[in-house]
Amino acid sequence: MKKNDALQVVAKAKKLQNGEMQKVLLMVKKIPLDGDAIATSYLECGVDKALREDEEGLKKLVGASLIEEIEELHKQWHEEYYKIYELYQKEKGLVSKLFGSQPKLTELDQEKVMNYSNDLKEMTRKIIYKLEAAEGRLKLLRG
């Protein structure tokens, strides 16, 4: 893997992670999502796919421990997101499944969703910070 290829992978991962967080914020505000839904598993997510495209090459250029930290944070992000997903699925009845209306959450569940989304914002901040550290390491490399 070349430096410029690695920089593109990291930039793509940052963009995708920010996009996933934006989708969560829209969902929490009950604004319908356009395009792809949020992946419930980190393995289905574009961020993971981008990082694993040439994982060994990326690890050689940036450092295995940093890439593994990013992957672990990303996995935790999806585990936290799944809690929100479950709350919405629990409340989604047959009518909303058929006609696409938003499920009605209890006040307690709405509070949980807000707390989980705040946790996701913080996790996203950490993931982006680590990806920027990877970018910084790559920019210091020659060639």
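This report describes the fold, the helix packing and selected residues of a predicted protein model.

## Overall architecture

The predicted protein contains six helices and zero strands. Along the sequence, these elements follow the pattern α-α-α-α-α-α. Taken along the principal axes, the box filled by the C-alpha atoms is roughly 55 × 25 × 20 Å.

Of the 143 residues in the protein, 38% are buried. The accessible surface amounts to about 8,600 Å², and carbon and sulfur atoms account for 50% of that surface. When contacts between residues at least 6 apart in sequence are considered, 78% of them join residues at least 24 apart.

## Helix α1 and its packing against α6

Helix α1 covers residues 3-28. Its 26 residues, at 1.5 Å a residue, should span 38 Å, and the end C-alpha atoms are 38 Å apart, so the expected and modelled spans agree. After α1 comes Lys-30, which has a positive phi near 65°.

Helix α6 comprises residues 107-140, and its axis comes within 10 Å of the axis of α1, with a crossing angle of roughly 170°. Because angles over 145 degrees count as roughly antiparallel, α1 is roughly antiparallel to α6. The residues of this contact between α1 and α6 comprise 17 nonpolar, four polar and six charged.

## Glu-20, a buried residue of α1

Glu-20 is located in helix α1. Its relative accessibility is 9%, and Glu-20 therefore counts as buried, the cut-off for that class being under 20%.

Leaving aside residues up to four places away in sequence, Glu-20 touches five residues by name: Ile-38, Ala-39, Cys-45, Trp-77 and His-78. Glu-20 thus has contacts with Ile-38 and Ala-39 as well as with Trp-77 and His-78.

## Helix α3 and the residue that follows

Helix α3 is formed by residues 55-62. Its buried residues are Glu-55, Gly-57, Leu-58, Lys-59 and Val-62. In an α-helix there are 3.6 residues a turn, so residues three or four places apart point the same way.

Gly-63 lies just after α3 and adopts a positive phi of about 115°. A positive phi is also found at Lys-30, which follows α1.

Conventions
Residues numbered from 1 in each chain as written. Predicted model: local features only at pLDDT ≥ 70, side-chain atom pairs only at ≥ 80, totals over all residues. Heavy atoms only, no water. Buried < 20%, exposed > 50% of the residue type's maximum accessible area, 1.4 Å probe, protein only. Helix = DSSP H or I, 4+ residues; strand = E, 2+ residues; numbered from the N terminus. Axes fitted to C-alpha atoms, helices over the stretch in contact; angles between N-to-C directions. Parallel < 35°, antiparallel > 145°, perpendicular 65-115°, else oblique. Nonpolar A, V, L, I, M, F, W, Y, C, P; charged D, E, K, R; others polar. Contact = heavy atoms within 4.5 Å. Areas by Shrake-Rupley, 256 points an atom, 1.4 Å probe, with all protein chains shown as cover. Expected span 1.5 Å × (residues − 1).
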